[in-house]
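Got your viewer open? Let's walk through this model one selection at a time, so keep the selection box handy.

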Amino acid sequence: MDTQHQQSALKAAKVLMVGAGGIGCELLKTLALSGFEDIHIIDMDTIEVSNLNRQFLFRRSHVGQSKAKVARDAVLRFRPHINIRSYHANVKNPEFDADFFKQFDVILNGLDNLDARRHVNRLCLAADVPLVESGTTGFLGQVTVHVKGKTECYECQTKPAPKTYPVCTITSTPTKFVHCIVWAKDLLFAKLFGDKNQDNDLNVRSNNSASSSKETEDVFERAEDEDIEQYGRKIYDHVFGYNIETALSNEETWKNRRRPRPIYSKEVLPESLTQQNGSSQNSSVTDGDSMISVMPSLGLKNPQELWGLTQNSLVFIEALKLFFAKRKKEIGHLTFDKDDQLAVEFVTAAANIRAESFGIPLHSLFEAKGIAGNIVHAVATTNAIVAGLIVIEAIKVLKKDVDKYRMTYCLEHPSRKLLLMPVQPFEPNPSCYVCSKTPLVLEINTQKSKLRDLVDKIVKAKLGMNLPLIMHGASLLYEVGDDLDDIMVANYNANLEKHLSELPSPVVNGSILTVEDLQQELSCKINIKHREEFDEEKEPEGMVLSGWTQSPATNGESASTSNNENAIDATDSSSGPEIVTKKRRLSETKPENHKKEAENVESEEDDDLVEIENPMMVSKKKKRVE
Amino acid sequence: MDGEELTEQETALYDRQIRVWGPNAQRRLTKSHILVSGIKGTVAEFCKNIVLAGVGSVTLMDDRLVNEEALNANFLIPPDENAYTGKTVAEICCDSLRDFNPMVHVSVEKGDLSTFGAEFFEKFDVVVIGYGTRVIKKSVNEQCRKLSKRVAFYTVDCRDSCGEIFVDLQNYKYTKKKLEETVECELNYPSFQEAISVPWKPIPRRTAKLYFAMREVFEESEGRKHGECSLLDRAKVLEIKKKLCEANSVSESHIPDNLLERLITGHTEFPPACAIVGGILAQEVIKAVSGKGDPLKNFFYFDAQDGKGVMEDISDSFTS
């Protein structure tokens, strides 16, 4: 065998690992053991306690330190003579450009978010360096190989978009606990503790929408000398009592739905809470803001315990009081953070009270935290297995063993006896806007949409561009960069606020825009199609990009449109059948059911934090829809 | 049902995995005792995984003195001669593993596995044999089977870029969720001896070649220390192959010669295969201890050449 030969090839190879988390720790260890001697590793994160159950290179004493650096030091202890270089930085930083990527023989991703994955994919294409991509969720995992011109790129297939819910499901007709969480976190928490100037759909719109918004706005304003507990009760009664009553008055809404029950604080709480108040003052502030908690003072210890309505109501009021008592300075600019204990307690309580009102089963703080923080399930074993698979593919890539490249899926339940299922990689998708430069089509109202909408909702959010530049013919409409002079910046800022049709070079039906990201070295064309009307529920962005993602029009088919929820499920499943059938393999066809299984796994996001809200649920739903 | 709750510290540390298997499974894990004998690359991976998962205790057995060879694929041994000279593999690995998770009790047991009686094995919920002769595997398996409590028994073997896991859970009952309801399941496992002496003829042709190849390699390597096979034995292995194939009346083409060659010449473990097989083994032990999920029955094979990780159920059910 050519083991000797292989060893010297690994020794000479220079590899870049992106991510030193769950997969990264395992990967760095396996690379070092396998004989790789020149490894560079980028990770912007620092170590947290909840990493320690699987990121085995880290110890409790490392909490707060750079993952990349600590991982490097730990591996050098058992392989002292190899070269590992760590970068405690964001891979999207401009210094990691295509030239930087070109120095490596292969890039290995162990990332936790879609955004960074897409960014690395583009740089790999620009630098023409092969990419081995990976992800895990619980017992599921996958490893794929992306080599320019030979296999599909990471973006040849549509990735599931971050899950969103129709506004009215959240504000008026929740049917699942997650809807209550989104309400508590994105509306109530944001309204009370976040930026007051932001748009917020917290108040239900009653049919006689003349009801002055001025009046309701005032409810959330706390008067100078208002007692905090009184204020808390006022908020409680407004959002759980008054708002529900208002919603109930819209008879039409409740024809085919269970009617919610308004809940007022006086029904569930004693007249005065001063006693709890006293004790909570004493026992709280010890370890800094993120550790402040109302649980000890209320005698609540176990985060997995289910609280009743009264307990949730107490937590709600006490948490609100504590925010004003201990963290007053932050009010007005807080955003929800899963590591902020008090915020998690408040959101759990608020979501549970709302759930009670709507007859939805309540959840523990532990579960609520998982949903609110988009925490993805993670175990060490899957990460170890995936890391092993990455190294096997990396070795094939170094040997240029194209015929042997595989994408491999780790399954929880065996499919045809297989727990690890290798599949031939797909060919590049000829209509991929990233690797094959196919133009995109954007339907948009060119008279009503501003350039800013296009930049934020399409160029950044959908196309994942970091430093975009937009041109219409020879005219430069927008650009980001450090080297722009003030006049240009002012010009571009002015353009942002203009409607497309009013730009210096008017963008109208039939216009072709060129959108580029110089760092990613990606350029694509967008054909503009003017359209007057958009469906508020189905197309909340007021524009539809195709050639990039599912077109909402075809989604409706698989869903019964009796209520909003089904529409959501359909959105999740849309990366399913149509796209699968379009794809071609390099050779050899696998049985259909494998293909589907594989699709399901591939939609999984990864290790720590992701945008999609619960990948496991998504894939289950998908199966049912199919 | 399992008594005391998880501590706050445990909940914080195990947060992400409790979200996978739930607090009850985690409680059962923290009360389980695992015996591991023979620590090479794959078993080192396995130990890391179960220590991170938070089992109650891990008892390590491997009296080899640490040398260059023991370092291969084993990240639990720092390559510092001053630190490891005079120490056994188990002792060095114990130090590293304790460091991974202070909440797990890791200790070393000295002596020859084959001399221990049933009362020794009774202390454990899981016994894993990393390497050892067929005779030892068989006798430990029988000791475990004699006990009134169920001790889950595993063997694992990696050669070149191939790996094999064997599982004996005896009579195993567990629950699983099917759609919305919970269903009771029951599996009956053959013993190690039964599983390796199933007549070949009735075994379906599509069964992993590794099952047969591993049996032959064991036939040849009997009485030798692990890894002492070499290409010189090729002729001998091929002879055994001929004999076994004839005895089982299957064609010799059933077992590719180059696969046998890889198995007998692969002196060193292939680290990515260790990570994969050690990961699957840990997952199986976690399933068996926690009673959650379909356990493997009763062989698992991985070969990096085709990339497949396949389960094989090999018992005399083929004949009945």
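**Stop 1: Chain A and its confidence**

Color chain A by pLDDT to begin: its mean is 81, and 81% of its residues reach 70 or more. Keep in mind that you're looking at a predicted model. Which stretches should you treat with care? Select residues 208-213 of chain A, where pLDDT stays under 50 and the model has 1 contact beyond four places in sequence. Then select residues 276-287 of chain A: pLDDT stays under 50 there too, but the model has 20 contacts beyond four places in sequence for this stretch.

Now switch to a cartoon view of chain A. It has 22 helices and 14 strands. Chain A has 626 residues, and 46% of them count as buried. How do the contacts spread along the sequence? Take the contacts in chain A between residues at least 6 apart in sequence: 70% of them join residues at least 24 apart.

**Stop 2: A crossover in chain A**

Select residues 38-42 of chain A, which is strand β2, together with residues 83-87 of chain A, which is strand β3. These two run parallel and are joined by 5 bridges. Want one pair to zoom in on? Pick I42(A), whose bridge partner in β3(A) is Y87(A). Next, add residues 67-78 of chain A: this is helix α3, and the chain passes through it on the way from β2(A) to β3(A). Together they make a β-α-β crossover, and a right-handed one.

**Stop 3: The domains of chain A**

Give each domain of chain A its own color: domain 1 is 3-161 + 377-423, domain 2 is 177-359 and domain 3 is 439-546. How far apart are the centres of domain 1 and domain 3 of chain A? Taken over C-alpha atoms, they are separated by 34 Å. The two do touch: 10 residues of domain 1 of chain A are in contact with 6 residues of domain 3 of chain A. On the domain 1 side, select helix α5 (residues 114-127) of chain A, which gives the most, with 6 residues. That side of domain 1 splits into 4 nonpolar, 1 polar and 5 charged residues.

**Stop 4: Where the two chains meet**

Zoom out and show both chains. Their contact takes 43 residues from chain A and 42 residues from chain B. On the chain B side, the elements that give two or more residues are α1 (8-13), α2 (15-30), α3 (41-53), α6 (89-100), α13 (271-290) and β10 (308-312). Which of them gives the largest share? That's α13(B), with 10 residues. Color this side of chain B by residue type and you'll get 23 nonpolar, 8 polar and 11 charged residues.

Strands pair across the chains as well. Select residues 418-423 of chain A, which is strand β8, along with β10(B): they pair in the antiparallel sense over 2 bridges. To see one pair, pick L418(A), whose bridge partner in β10(B) is V310(B).

While you're here, go to R416(A), in the loop between β7 (407-415) and β8 of chain A. Its phi is near 50 degrees, a positive value in a residue other than glycine. Why does R416(A) count as partly exposed? Because it has 13 C-beta neighbours inside 10 Å, and a residue counts as exposed only with 12 or fewer.

**Stop 5: The domains of chain B**

Hide chain A and color chain B by domain: domain 1 is 8-194 + 269-309, and domain 2 is 196-265. Their C-alpha centres lie 26 Å apart. The contact between them takes 14 residues from domain 1 of chain B and 12 residues from domain 2 of chain B. On the domain 1 side, select β5 (152-159), β6 (162-168), α9 (192-196) and β9 (299-303) of chain B, the elements that give two or more residues. This side of domain 1 divides into 5 nonpolar, 2 polar and 7 charged residues.

**Stop 6: Three loops in chain B**

First, find I203(B) in the loop between α9 and α10 (209-221) of chain B. It counts as partly exposed, with 18 C-beta neighbours inside 10 Å.

Next, go to S249(B), in the loop between α11 (234-247) and α12 (257-265) of chain B. Phi of S249(B) is near 40 degrees, a positive value in a residue other than glycine. S249(B) is exposed, because it has 9 other C-beta atoms within 10 Å.

Finish at N298(B), in the loop between α13 and β9 of chain B. Show the backbone here: the peptide bond joining K297(B) and N298(B) is cis, with omega about -20 degrees.

Conventions:
Residues are numbered from 1 along each chain as its sequence is written. Chains are lettered from A and ligands numbered from 1 in the order in which they are written. This is a predicted model: local features need pLDDT of at least 70, side-chain atom pairs count only at pLDDT 80 or more; totals for chains, interfaces and linings use all residues. pLDDT is the predictor's confidence in each residue, from 0 to 100. Two residues are in contact if their C-beta atoms, placed from the backbone, lie within 7 Å. Helices (H or I, at least four residues) and strands (E, at least two) are DSSP runs, numbered from the N terminus. A residue is buried if 20 or more other C-beta atoms lie within 10 Å of its own, exposed if 12 or fewer, and partly exposed in between; C-beta atoms are placed from the backbone. Domain bounds come from an automatic or database domain assignment. Ala, Val, Leu, Ile, Met, Phe, Trp, Tyr, Cys and Pro count as nonpolar, Asp, Glu, Lys and Arg as charged, and the others, Gly among them, as polar. Two strands pair if DSSP finds at least two bridges between them. A crossover is right-handed if, with the strands pointing away from the viewer, the path from the first strand over the helix to the second runs clockwise.
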